[in-house]
Amino acid sequence: MDTLFFRPILLAISCSALVSLPADAQVQAQGTEASSNQSHTQLKKVAADFLQQMASNQPGEVKISVNEVDSRLNLAACQDMTAFLPPGSKPWGKLSVGVRCNTPKTWQIYLQAQVQVTSDYYVAAKALQNGQVLNLDDLSKVRGEVSSLPAGIIMSPEQAIGKSLSMSLASGSLLRMDILKSPVVVQQGQTVRIVSQGPGFQVATEGQSLSNSADGQTAKARTNSGQTVSGIARAGGIIEVNY
């Protein structure tokens with residue numbers, strides 16, 4: 001009978017002890033559970049820092065925004081995270097950036113982001129004709145958001161001056177690398193100087209070019225002895241053959 005009498009009292013004391021736990025102990029218990037999940041804020045920071053580093057080589061002003069992580073996403077806390085771009089992705093405009101956990105548990109997610117680059121680029125200052133060799137007066141500088149423009153835009157005059165157009169352009173048209181041709185430095189049928197070189201030797205002879213080639217392009221020539229060789233075209237009618 002004594003046991004039955006004291007049982008409610010003991011139960012009440014036990015419940016009172018649980019409720020009266022110090023506040024910091026309750027917070028610690030909750031924090032232990034929360035710390036087992038990866039912080040979404042840190043995920044965004046890893047992605048944003050990576051994109052900032054990728055954009056550091058871009059001329060102009062860069063603005064980066066990473067979308068919020070789905071609040072329902074629960075990932076194990078990570079000690080070693082790395083960010084990356086999927087193969088073939090360009091580092092600006094609207095894109096997906098991956099974040100991978102390497103330890104202690106492996107997981108991988110993709111976040112949506114946008115990288116805006118505002119910079120100077122060049123357009124045709126006037127109507128230009130197919131085959132026209134460009135000079136500084138043919139270029140007009142424009143400043144704007146370039147991340148939505150096609151790849152290969154001209155961002156410095158040196159990229160275009162001295163090159164010829166492969167098509168006609170209206171005034172204000174965007175200048176791109178893929179519509180510019182480097183000047184021919186070796187012409188088909190031209191007498192050229194063939195310089196053969198390798199470790200410890202260099203030999204020069206004359207020959208005849210078999211192709212039209214710009215500086216740095218592959219060129220073919222026939223030597224005076226009738227041998228056909230391939231090399232790199234250089235200004236001044238030179239073909240370099242490296243061994």
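Me: Leaving aside its neighbours within four places in sequence, which residues is Ile153 in contact with?

Reply: This is a predicted model, in which local features need pLDDT of at least 70, side-chain atom pairs count only at pLDDT 80 or more, and totals for chains, interfaces and linings use all residues. Residues are numbered from 1 along each chain as its sequence is written, and side-chain values use heavy atoms, with hydrogens and water left out. Contact here means heavy atoms within 4.5 Å. With the neighbours within four places set aside, Ile153 is in contact with Tyr121, Val146, Gln159, Leu174, Leu175 and Arg176.

Me: Is Ile153 buried or exposed?

Reply: Ile153 is found in the loop between strand 5 (139-145) and strand 6 (164-165); helices (H or I, at least four residues) and strands (E, at least two) are DSSP runs, numbered from the N terminus. Buried means under 20% relative accessible area, exposed over 50% and partly exposed in between, using a 1.4 Å probe and protein chains only. Ile153 has 9% relative accessibility, so the residue counts as buried.

Me: What distance separates the C-alpha atoms of Ile153 and Arg176?

Reply: Arg176 is among the contacts of Ile153. Along the chain, the two residues are 23 residues apart. In space, their C-alpha atoms are separated by 4.3 Å.

Me: Let's step back: how many helices and strands are in the protein?

Reply: The protein has 243 residues, of which 30% count as buried. Among contacts between residues at least 6 apart in sequence, 52% join residues at least 24 apart. As for helices and strands, the count is three helices and 14 strands.

Me: How far does helix 3 reach from its first C-alpha to its last?

Reply: Helix 3 covers residues 40-55 and has 16 residues. Its expected span (1.5 Å times one less than its number of residues) is 22 Å. From first C-alpha to last, the helix reaches a value close to that, 23 Å.

Me: Within what arc do the buried residues of helix 3 fall?

Reply: The buried residues are Leu43, Ala47, Phe50, Leu51 and Ala55. Seen down the axis, they line one face of the helix, because the directions from the axis to their C-beta atoms fall within an arc of 135°.

Me: Which exposed residues are on the face of helix 3 turned away from its buried side?

Reply: An α-helix has 3.6 residues a turn, so residues three or four places apart point the same way. The buried side of helix 3 is covered by elements including strand 1 (61-66), strand 2 (80-84), strand 3 (93-103) and strand 4 (107-124). The face turned away carries the exposed residues Thr41, Lys45 and Gln53.

Me: In what order do five strands close into a barrel?

Reply: Strands of a sheet pair through backbone hydrogen bonds, either parallel or antiparallel. Two strands pair here if DSSP finds at least two bridges between them. The barrel's pairing is mixed, and the strands follow the order 9-10-12-13-14.

Me: How many bridges join strand 9 to strand 14?

Reply: Strand 9 (residues 191-198) and strand 14 run parallel. One of the pairs is Arg193 with Ile238, its bridge partner in strand 14. The number of bridges joining the two strands is five.

Me: Which residue in the turn between strand 13 and strand 14 has a positive phi?

Reply: Strand 13 (residues 228-234) pairs with strand 14 in the antiparallel sense over three bridges, and Ala233 stands opposite Ile239. The two strands form a hairpin with three residues between them. The turn residue with a positive phi, about 90°, is Gly236.

Me: Which residue's side chain makes a polar contact with the side chain of Ser213?

Reply: A polar contact is a pair of N or O atoms within 3.5 Å; within protein, one must be able to donate a hydrogen and the other to accept it, and residues adjacent in sequence count only if both atoms are side-chain atoms. Ser213 lies in strand 11 (residues 213-214) and is buried, with a relative accessible area of 1%. A polar atom of its side chain lies 3.3 Å from the backbone oxygen of Thr218. The side-chain partner, at 3.3 Å, is Ser211.

Me: Which residue is joined to Thr223 by a polar contact of 2.9 Å between side chains?

Reply: Thr223 has its place in strand 12, where it is the bridge partner of Gly207. At 12% relative accessibility, Thr223 counts as buried. The side chain at 2.9 Å belongs to Ser225.
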